[in-house]
Amino acid sequence: MFPQHDKARLCLRLIGSLVLQTLPLPGAPLEQSVSTSRQFVVYGANVTVRGAICDLAENTKRDLLAVLAQRDSWMTPIVINAHYPRANLPEEAGTAWNLSQTGFGLKLQLDLIIDTKMARPEARRELLRALFVEMMYRGATDIPAGSWYSSPPDWLLDGVPAHSLNPDDGVAHILALPVARCSILPLAKFVRQKPELLDAPARSLYRAYSFALVELLARPPAGAGHLARFVQDLPSAPDDPVADLRTHFPELFESEAMAEKCWKTQIACLSHQQPYQFLGCAATERILDQSLRLKISGGSGKKICELAEFPAFLLADLSRNLNALASRANPVYQPVIVEYGRITAILLRGRTKGITARLDRLTASRKIMSGQMRGIDDYLNWFEATSLRGPSGAFADYLKAAELAAGPRRAKHDRISVYLDALETQFQD
């Protein structure tokens with residue numbers, strides 16, 4: 001038997017050794033992951049978290065390039081430090097980024113705290129900010145250290161549409177209320193708003209207005225080329241945002257009256273869209289498959305992480321996506337989506353007992369349902385084709401073009417054609 005003070009000393013030694021084992025060695029390189037385009041370098045956390053951040057960053061850049069109709073010609077890498085909450089810094093912000101000038105050019109760094117409170121839209125917004133700043137100062141290597149850098153406007157950060165797993169962003173539903181009340185916010189007042197000062201409902205309306213403005217600027221007659229030029233000229237933009245828009249988009253904002261007319265027409269058109277339409281079985285299955293599997297690209301190739309391997313912040317994000325999908329999914333898939341939601345909630349509480357068996361049963365049910373739905377579609381297509389009393393005429397133009405292409409070429413009898421045919425016959429012989 002050990003004396004009481006020896007037991008306490010032994011426990012302290014064990015605790016100290018465990019703490020030392022968890023701390024990184026001095027000078028040891030931090031683990032990192034590089035995205036597929038090699039623009040994003042993610043440090044810290046574990047490989048699954050780093051892979052999820054790389055995937056989010058690449059999808060965000062893909063969305064931005066699609067809006068601007070630009071090729072991926074980045075010059076400055078973006079460093080992302082992902083770390084878990086620190087006990088000595090309880091008030092640390094969830095996302096923070098800094099921009100500095102080094103002797104070799106621009107340095108962009110984004111810090112992310114990985115926990116269940118981390119929301120993908122918030123992280124995506126900061127990634128968009130970094131991408132916009134990289135475009136704005138691309139090739140600018142002669143900026144003195146300590147200079148002030150411009151930031152893209154808030155409506156531009158909130159207005160880039162996300163081709164994400166959420167099938168319904170609710171823009172039409174949100175904009176329908178101000179249209180019905182004839183209380184559309186004037187464009188000049190909207191672009192001067194500070195979204196950080198708005199409450200939750202006003203913040204949702206601000207995002208919907210932002211989406212409408214970006215969609216208006218990216219389509220003809222202005223076009224994505226004008227929007228890309230607008231982004232490049234932001235470092236030298238005037239203090240008046242309306243004047244800046246009028247300079248880069250004269251076709252839309254030739255005068256203040258014309259600008260307000262285009263703005264109100266755009267809001268009214270978006271509010272009349274029908275967002276609440278059920279997805280088909282194939283679309284629901286595709287979105288489910290994308291939601292429940294994470295593809296990570298690494299040095300040893302691609303790795304696919306299943307739902308049971310998701311980190312906590314991805315599980316929280318998946319729970320929100322499943323709730324959104326449940327309102328649009330095919331009714332046949334409703335029980336499956338509800339069960340996936342329950343499993344996600346259990347995994348968020350750190351429990352894994354019996355999860356593998358439940359996931360296997362859901363996978364088998366999805367395969368059976370998918371096969372049955374394909375069989376029903378094939379039968380309906382066959383029934384429609386055999387019930388026609390005559391040709392539908394849908395492929396008449398194609399059949400006519402194919403018949404003309406397969407038929408013999410008609411010879412012309414003018415002098416030039418006869419001479420060319422004779423020359424062709426001589427060369428063939």
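## The second largest pocket

In this predicted model, the second largest pocket holds about 510 Å³ of space. Its lining counts 22 residues. Ser151, Pro152, Pro153, Pro238 and Pro241 lie nearest the centre of the pocket.

Two helices, H4 (154-159) and H9 (241-248), each supply at least two residues of this lining. H9 gives the most, with three residues. By residue type, the lining splits into 13 nonpolar, six charged and three polar.

## How H2 meets H3

Two packed helices are described by the angle between their axes and the distance between the axes. Helix H2 covers residues 47-68, and helix H3 covers residues 120-136. Their axes come within 10 Å and cross at roughly 55°. An angle from 35 to 65 degrees falls outside the parallel and perpendicular ranges, so H2 and H3 are oblique to each other. The crossing of H2 past H3 is right-handed.

## Residues at the helix contact

Which residues of H2 and H3 make the contact? From H2 come Leu56, Ala57, Thr60, Lys61, Asp63, Leu64, Leu65 and Leu68. From H3 come Arg120, Ala123, Arg124, Leu127, Leu128, Leu131, Phe132 and Met135.

The contact of H2 with H3 divides into eleven nonpolar residues, four charged and one polar. Among the nonpolar ones are Leu64 of H2 and Phe132 of H3. Lys61 and Asp63 of H2 are charged, as are Arg120 and Arg124 of H3. Thr60 of H2 is polar.

Methods: Residues numbered from 1 in each chain as written. Predicted model: local features only at pLDDT ≥ 70, side-chain atom pairs only at ≥ 80, totals over all residues. Heavy atoms only, no water. Axes fitted to C-alpha atoms, helices over the stretch in contact; angles between N-to-C directions. Helix = DSSP H or I, 4+ residues; strand = E, 2+ residues; numbered from the N terminus. Parallel < 35°, antiparallel > 145°, perpendicular 65-115°, else oblique. Left-handed = near helix turned anticlockwise from the far one by under 90°. Contact = heavy atoms within 4.5 Å. 1 Å grid on protein atoms, 1.4 Å probe; cavity = no way out; pocket = protein on both sides within 12 Å on 5 of 7 lines; lining within 4 Å. Points joined across faces, edges and corners; volume = space filled by probe spheres on them.
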